[in-house]
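Open the model in your viewer and keep the sequence panel beside it. We will go from the whole chain to single side chains.

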Amino acid sequence: MSASLRSLRASLLALTMGAAAVLGLAQPAAAAGDHYVALGDSYSSGVGAGSYTSESGDCKRSTKAYPQLWKDANAPASFKFVACSGATTTSVAGGQLSALASSTTLVSVTAGGNDVGFADVMQTCVLQSEANCVNRVNTAVSQMQNSLPGKLDSLYGNIRARAPQAHVVVLGYPRFYKLSGTCIAGLTETERRTINNASDVLNGVMAKRAANAGFTFSGVADEFTGHELCSGDAWLHSVSVPIINSYHPKAAGQSGGYLPAFRSVA
């Protein structure tokens, strides 16, 4: 083979590889080398999606949760799924970070909702008056603005210390209601709007703290738009039996909402 032909072939090969990278065709190979750890609360463990693994017990880790779906599609070099129902920033820091190591390259986490009493907020709004609901939500918003930032800073700092080389993705929470939607009973429009606004505040706080830590924040509100409660095609459970499913994503919310939000930045 002549030198000029070898040079031509090398140039074509480089061009082809560059095009593949631009088009995303090289991503699976990169993902295959990842050492991925999935941290967080019930929105990461997959409560509401069903198909819980026996080993996870009360943590209720689902085979239909976005971390498992991403792992199945990308075959990373290693995968540790330790997210747990009911987790707070403190319990994530105290009970899940041992899964991280200096070799960890990818981390996902949801945490913050339980720190501000998410379950109690929704219980108050479902069972009590509109005024009590609004007051309880406002109390949660005050916690988001005052005490939660320090808790997130502490958690994110501990994650970085344990996994100094990792790309860390913080995922947000959906808005729960489509306003002026199909629901003719249940919460009032004022209550739904107040809850949605609180979700926006929470996501804003998380996004700012994530940015300050050098992490990537990926919201899910856009993915869930058109699939909120009262939309007619909800990806979230309303008040449900078992009660733990209430206000959590269904399997469709994990695959159609959380997975794309994570995949787009992972």
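A residue counts as buried here when its relative accessible area is under 20%. By that cut-off, 45% of the 266 residues in this predicted model are buried.

**Whole protein.** Show the cartoon. The protein has 11 helices and five strands. Now turn on the surface. The accessible area is about 12100 Å², and carbon and sulfur atoms hold 56% of that. Among contacts with a separation of 6 or more, 72% link residues 24 or more positions apart.

**The sheet.** Select the five strands. They form an open sheet with parallel pairing, in the order S2-S1-S3-S4-S5. Go to the edges next: these are S2 (78-81) and S5 (216-218). Each has a single partner strand, so one side of each lacks a neighbour in the sheet. From one strand to the next, the twist averages 15°.

Zoom in on S4 (residues 167-171). Three bridges join S4 to S5, and the two run parallel. Pick Val170 and look across: Phe217 in S5 stands opposite.

**Helices on the sheet.** Add H4 (residues 66-74). H4 packs on the sheet and touches S1 (35-38), S2, S3 (106-109) and S4. The direction of H4 makes about 170° with that of S2. Then add H9 (189-212). H9 lies across S4 and S5, at about 160° to S5.

**Helix H6.** Select residues 118-127. Which residues of H6 are buried? They are Phe118, Val121, Met122, Thr124 and Cys125. These buried residues span an arc of only 160° around the axis, which means that they sit on the same side of H6. Rotate to the face turned away from that side: there you find the exposed residues Ala119 and Leu127. Now show what the buried residues of H6 pack against: helices H3 (42-45), H7 (130-146) and H9.

**An aromatic pair.** Show the aromatic side chains. The count comes to 15 aromatic pairs. Stop at Phe224 and Trp235. Their rings are edge-to-face, 5.8 Å centre to centre, with 80° between the planes. Phe224 belongs to H10 (residues 221-224), while Trp235 is in the loop between H10 and H11 (251-263). The pair therefore ties together parts that are 11 residues apart in sequence.

Colour both residues by accessibility. Are Phe224 and Trp235 buried or exposed? Phe224 has 1% relative accessibility, so Phe224 counts as buried. Trp235 has 15% and is buried too.

Definitions and conventions. Residues numbered from 1 in each chain as written. Predicted model: local features only at pLDDT ≥ 70, side-chain atom pairs only at ≥ 80, totals over all residues. Heavy atoms only, no water. Buried < 20%, exposed > 50% of the residue type's maximum accessible area, 1.4 Å probe, protein only. Helix = DSSP H or I, 4+ residues; strand = E, 2+ residues; numbered from the N terminus. Arc of directions from axis to C-beta. Contact = heavy atoms within 4.5 Å. Phe/Tyr/Trp six-rings, centres within 6.5 Å; stacked < 30°, edge-to-face > 60°. Areas by Shrake-Rupley, 256 points an atom, 1.4 Å probe, with all protein chains shown as cover. Pairing = 2+ DSSP bridges. Axes fitted to C-alpha atoms, helices over the stretch in contact; angles between N-to-C directions.
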